[in-house]
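Me: I would like to learn how to read a structure feature by feature, with the general idea before each case. May we begin with how strands are paired?

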Amino acid sequence: MELSSAVFRDILSPLSAFKKIRPTGNSLPDVRKVEVGLQEFGQATHALNPTSPQLWTSASPENTGSSCTPTLASLSFAQRALTRYKWTIQGADPDARRFFAVPQFALDAAPLRIDVYLPPLQDYSAQVRSILRPEEVIYSPRDKTPVLVVSRWLAGILEQWCTAYDSGHGNDGKFQREYESMPFGSRILVTIGGLPPPCSDSSGTSPGKVMIDHEIFLVPDYDVEQGMLTVDALRQMWEDLETRDSGSVDSSGETELVWPEVIDLEHLCLKRQMHEAISIPEKEKAAQEKEYVFKSLTRDQRYLYNELKMLLSMKPHDNIIPRPRYIVTKKGRFGGRRGVCGFVLEYFSKGSLKSFLLDHSPLPLAPDISLNQKVHWAKQITRALIHINTNGDDNETRRTSGLGWCGFYPDLKPDNIVLRLAPSCQDAAGEREAPMYDAVLLDLEQRGGWFSWSPPEIKCLEYLEVLLNTSSDDIDDDEFDIEKLEDLQDEWCKENLNGNVYFNSDGGFSTPWLALLAKRTRSDQVGALDLEKAQVFMLGKLLWCIFEEEALMRCGIDHEMLSDKPVDVDESAGTKKKKVFPEFKDMPQEVRGLIERCTAGAEEWENDAVRDWRVVLNAEGRLVPLSTFSELDVTAEDTQRQATEYWKGEAEKARTFVSDVGAYERRRRRTRGNSGSEQAAQMHHPDRDDGEARARLPRLLGKARSRPTLAQVLEELERKLG
């Protein structure tokens, strides 16, 4: 199956379970003119489309035998040396639709977050796609995005577009003024058409160039600024936190949130845009002792505000991202209200744990990561999770009840851990054979993570949530029973948290995780540790990654496979054979047993066949079932059929689990009503060794409750590994 934007829905999502398989082959439709993007945003286009400029680019290798990498020399107007704006592509979203493109004048200016949007991959004609190869964005390393064919082509047409606009209006600099007047989070939309026949030069011979028809629109988007909340509004929402044991203590003995300095967006100067949420700024071009990042979101701003609340209300910890240096506001273009558009955090230049592991795992001659370093990370990350869950409070009663604190971490994976040189190494790094690095947890949005990392009891709820939040019009299978799913949802969630408007929801907006958070505050203590033990599951998988030196787990069908390199198991070619969770090859026995207990309930322990369901990238950048990887005649239907059957099984497991948990909870409530609350609480307490009570638990829930606590994990790491 060719990679496309639809892969995220048709292959990587539970929605695949309800998709009918239709013969499509492996080719894409030859769409001569694709008009996409404008309607879906519901915005009027700004009048910056003067002449529908076109780009000359090298023909595909099949037609000319040469490279199809576009350069300025391949533009039809190359002799004019139009390089005034010098657009650079600094990154892109994984689905290859949104590109972080910046003209030179936007550097050293306030970051306006005006991103460029291309059509979905499936809307490209086959010819255009063979030239631009936009699917490379999906599986190429992030730092390679700027040099991909589609990125270099995009930079060229943007250069031509804005230069032609200036020339058409006879007003040099007109485009820059229009760009700088746009609201925060506006968009540049690119539509892509088909290919006219190749042109010929003056001698009548074909120069091997083709013309890709396209149009570009600058679209003002006022919704982002209108959705921003003022500092005063956030203070008022969070004022109840001022009396919790979470901030600093004022002169009256009460606690208060620690608010950093508030600055205007104009005080920041953009250096580069790393990805969707993170850009590298400087503050007023002044020298800085440290490098900082500006975190902002142009979609789902409620998660940005939830993270800000967590950072301001949580006590500092050495292995958690420090509190923001600044809160950043911007005055809206419409209405003049000054809203919070982001905040400034410390930047960790050593990169992520994922990058570190990727640098070590593929090459046999790469130096091994020392056992001391692995244990160092394991203990630091566990301590950080304990701190997030308790806010540094050692009182056991308050820790298990969670009263007054809604901290938890639902997105643990190597991507969300960054490294810094350990203090003992900063002054004497040259004296060590290999420096030690500290681990620091990022991203406290509490929105949840990828399916491959979610504990099974959470994953079941996440599957149902995806299905419930999808319009039934988008499902083309008679088996999809929305009413039955809604009845199941009532078993674990009474509140609909959909939408983009922020409100003060303690614990964020992930309904599966909030269902466990609610148990932490129940008076009868039943399931009070379920939330913590769900995080222990993710910690167990992270420990596997650390001690096996693997950045990816390769479980089931999930987004992770798109960041995995195409399958290559030829060790003689200079690469190590990839490991799949829970394969153990380099693991100390003490850690192996701990990981097994932490990940209790993982399907991989009980069913080796689950690995056979995997869909992988082959060397041609196509998705194929792992079981047919070496076959040459694998069709798109084969891949879709594999995904559909996998997700049908997963959806049925989810429905069974939620139904069983609902029946268990109803029995528990009846028992409590008949026997008295104290007796019932003792009977069903999750840590009480009562065989009869455990027998009543759904099997998966019983497995989850058998996991150790975070404190027990830390104690075992310290006792067995030092």
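Me: Which residue of strand 15 does K295 stand opposite?

Reply: This is a predicted model, in which local features need pLDDT of at least 70 and side-chain atom pairs count only at pLDDT 80 or more, while totals for chains, interfaces and linings use all residues. Residues are numbered from 1 along each chain as its sequence is written, and side-chain values use heavy atoms, with hydrogens and water left out. Strands (E, at least two residues) and helices (H or I, at least four) are DSSP runs numbered from the N terminus, and two strands pair if DSSP finds at least two bridges between them. Here K295 stands opposite F343 in strand 15, and strand 13 (residues 292-295) pairs with strand 15 in the antiparallel sense over four bridges.

Me: What other strand pairs with strand 15, and over how many bridges?

Reply: Strand 14 (residues 326-331) pairs with strand 15 in the antiparallel sense over six bridges, and within this pairing T329 stands opposite V340. The hairpin of strand 14 and strand 15 has six residues between the strands, and in it G335 takes a positive phi near 100 degrees. As for cover, seven of the nine residues of strand 15 (residues 338-346) are buried, where buried means under 20% relative accessible area, exposed over 50% and partly exposed in between (1.4 Å probe, protein chains only).

Me: Where does D264 lie, and which residues does it touch?

Reply: A contact means heavy atoms within 4.5 Å. D264 is placed in strand 10 (residues 261-264) and, not counting residues up to four places away in sequence, touches V328, T329, K330 and R338. With a relative accessible area of 19%, D264 is therefore buried.

Me: Which residues of helix 11 are buried, and how are they arranged around the axis?

Reply: An α-helix has 3.6 residues a turn, so residues three or four places apart point the same way. In helix 11 (residues 353-360) the buried residues are L353, K354, F356, L357 and H360. Seen down the axis, these fall within an arc of 160 degrees, so they line one face of helix 11, the arc being that of the directions from the helix axis to the C-beta atoms. The buried residues of helix 11 pack against helix 12 (371-390), strand 16 (417-421), strand 17 (437-441) and helix 18.

Me: Why does the length of helix 15 agree with what is expected?

Reply: The expected span of a helix is 1.5 Å times one less than its number of residues. Helix 15 (residues 456-468) has 13 residues and should span 18 Å, and its end C-alpha atoms are 18 Å apart, so the two agree. Helix 15 is also mostly covered, with twelve of its 13 residues buried, among them I458, C460, Y463 and L468.

Me: Which residues touch the most other members of the largest nonpolar core?

Reply: In soluble globular proteins, nonpolar side chains tend to be buried together. A nonpolar core is a set of buried Ala, Val, Leu, Ile, Met, Phe, Trp, Tyr and Cys residues joined through side-chain atoms within 4.5 Å. The largest one here has 174 residues, of which W87, L118, L154, I188, W377, I381 and L412 touch the most other members. The largest share of this core, twelve residues, comes from helix 18 (residues 530-548). Leaving aside neighbours within four places in sequence, L412 is in contact with I381, L385, I417, L441, W453, M538, L539 and L542.

Me: How many disulfides are there, and are C460 and C598 buried or exposed?

Reply: A disulfide is a pair of cysteine sulfur atoms within 2.5 Å, and by this rule the count comes to zero. C460 counts as buried at 7% relative accessibility, and C598 counts as buried at 0%.

Me: What is unusual about the backbone at A96, R554 and P582?

Reply: A96 has a positive phi of about 65 degrees although it is not a glycine. A96 lies in the loop between strand 2 (88-92) and strand 3 (98-102), and its 0% relative accessibility is why it counts as buried. R554, also not a glycine, has a positive phi of about 60 degrees; R554 is placed in the loop between helix 18 and helix 19 and is buried, with a relative accessible area of 11%. The peptide bond from F581 to P582 is cis, with omega near 5 degrees, and P582 is placed in the loop between helix 18 and helix 19 (589-598).
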